[in-house]
Amino acid sequence: MAFKQLKIIEPILKAVAAEGYTIPTPIQQQAIPLVLQRKDLLGCAQTGTGKTAAFAIPILQILHEQKPLPHGIKVLILTPTRELAIQIDESFAAYGRHTGIRHSVIFGGVSQLHQTNALKRGVDILVATPGRLLDLMNQGFINLKHLQIFVLDEADRMLDMGFIHDVKKVIAKLPAKRQTLFFSATMPPEIQKLANVLLTNPAKVEVTPPSTTVEKIDQSLYYVNKQEKPELLKHLLNDTNIKSALVFSRTKHGANKVVKILDKAGVQSAAIHGNKSQVARQKALSDFKEGKIRVLVATDIAARGIDIDELTHVFNFDLPDVPETYVHRIGRTGRAGNSGIAISFCSGDERTELRDIQKLIGLTIPLVKEHPFVANANNNNTVQPVIQRPTQQQRSFKPKRNFQSQAARNGNSSGRKYGPQRSGSR
Ligand code: AMP
């Protein structure tokens, strides 16, 4: 099915094509016609399924067809994190670039001046995190009485992050007559209750994320003594085929240390973690996305919700304690049917983590036996290989060495694509 068959108007079709999308993802195929019919929607879908475009495209179309547009904010998208808010706003910018529809994003942790100036100029579509939205509403900068469409994104994460009361306060201020689109990856009872209150005769769409990425990703494992991990990373980064690498560190301190060592070695890198200011995090992320820096070192929490297209390599500088986190981490690469490369370091004290990860993914991660920093047998922190009898599936696992992205094969330079879940679990 092509986007055209979903009755998308020309200016949006053109923008979507420029993004390199050819086929709507399952959630887009299901949701776009329903939203265009002005139905309320209950979407069970995670980030990575293409859900942003599933609501952004029909919303832009609905507004475009109302031109000349009435006054005021007509669409509100509420999302839990500033990273997601920025990404959603960027999606409206991309898909709506030929529509002239005005969109803006507001989130906390930064000065409000820029945001209130944009609001004063006039906004059709507002993307917001709950705290800053309430704050600016209370200050009188935002009036939602002209609202037509309300999107609640990642409702279950709102609950997890303790934002549900703020969300309810916002909902209390919305006009009763409106279209509501409600998205959540899971449906715990409290979220189901909220959906029941918010939605009128909703259509339900449900998609599972694209099949687990684990098999598509070229995974490898290096046994290395803890103190030699930075040297091994430096050594591997000498490979110029590594265009963009996301390096996961267990701690903030560890992330800073890695950046310091890489900087000394002349590898452009930056760290993102909770101790960095929002401005510093955003700058590191945009420098990385633009290719100004090659390596981004992150803790799991800081990396949550960050969507980086065209990421070729993920390094597990430290193995995660929670095995599912390994799957989330490596799923940052290998998006949209692409292959990708995930390299993990395992020191002597991480053998339990390794065993749990391999149990979860049902694979023995192929071990690179020869490298200059192979764990030294005389060292206290020596790594003992975890010996496991391979299963049939494991024996047939052949890592793909020659990574070439689908986007590159298709000649698609923008590389935005249908990817897997992108949130870390810590
Ligand atoms: P989302 O679930 O909205 O965060 O989207 C995940 C990724 O899929 C983003 O990088 C989008 O740019 C990309 N994407 C969305 N729709 C499509 C599509 N129809 N074809 C290819 N990529 C898409």
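**Close-up views of a predicted model**

**View 1. Arg281 is a buried residue of the predicted model.** The relative accessible area of Arg281 is 14%, and because buried means under 20%, Arg281 counts as buried. Arg281 belongs to helix 12, which spans residues 278-289. Apart from neighbours within four places in sequence, the residues in contact with Arg281 are Arg82, Glu83, Ile272, His273 and Lys276.

**View 2. Helix 1 (residues 10-18) has buried residues covered in part by other helices.** Pro11, Ile12, Leu13, Ala15 and Val16 of helix 1 are buried. The cover over the buried residues of helix 1 includes helix 3 (51-64) and helix 4 (82-95). Gly20, just after helix 1, has a positive phi of about 90°.

**View 3. An open sheet is formed by 7 strands with parallel pairing.** The strand order is 3-4-2-5-6-1-7. Strand 3 (103-106) and strand 7 (203-206) are the edge strands, each pairing on one side only. On average, neighbouring strands of this sheet are turned by 15° against each other, direction ignored.

**View 4. Strand 2 and strand 5 pair in the parallel sense.** The pairing between strand 2 (residues 75-78) and strand 5 (residues 149-152) runs over 4 bridges. Within it, Val75 is opposite Ile149 of strand 5.

**View 5. Helix 4 lies across strand 2, strand 3 and strand 4 (125-128).** Helix 4 runs at about 175° to strand 3. Strand 3 is an edge strand of the sheet. Helix 4 is also among the elements that cover the buried residues of helix 1.

Key: Residues numbered from 1 in each chain as written. Predicted model: local features only at pLDDT ≥ 70, side-chain atom pairs only at ≥ 80, totals over all residues. Heavy atoms only, no water. Helix = DSSP H or I, 4+ residues; strand = E, 2+ residues; numbered from the N terminus. Buried < 20%, exposed > 50% of the residue type's maximum accessible area, 1.4 Å probe, protein only. Contact = heavy atoms within 4.5 Å. Pairing = 2+ DSSP bridges. Axes fitted to C-alpha atoms, helices over the stretch in contact; angles between N-to-C directions.
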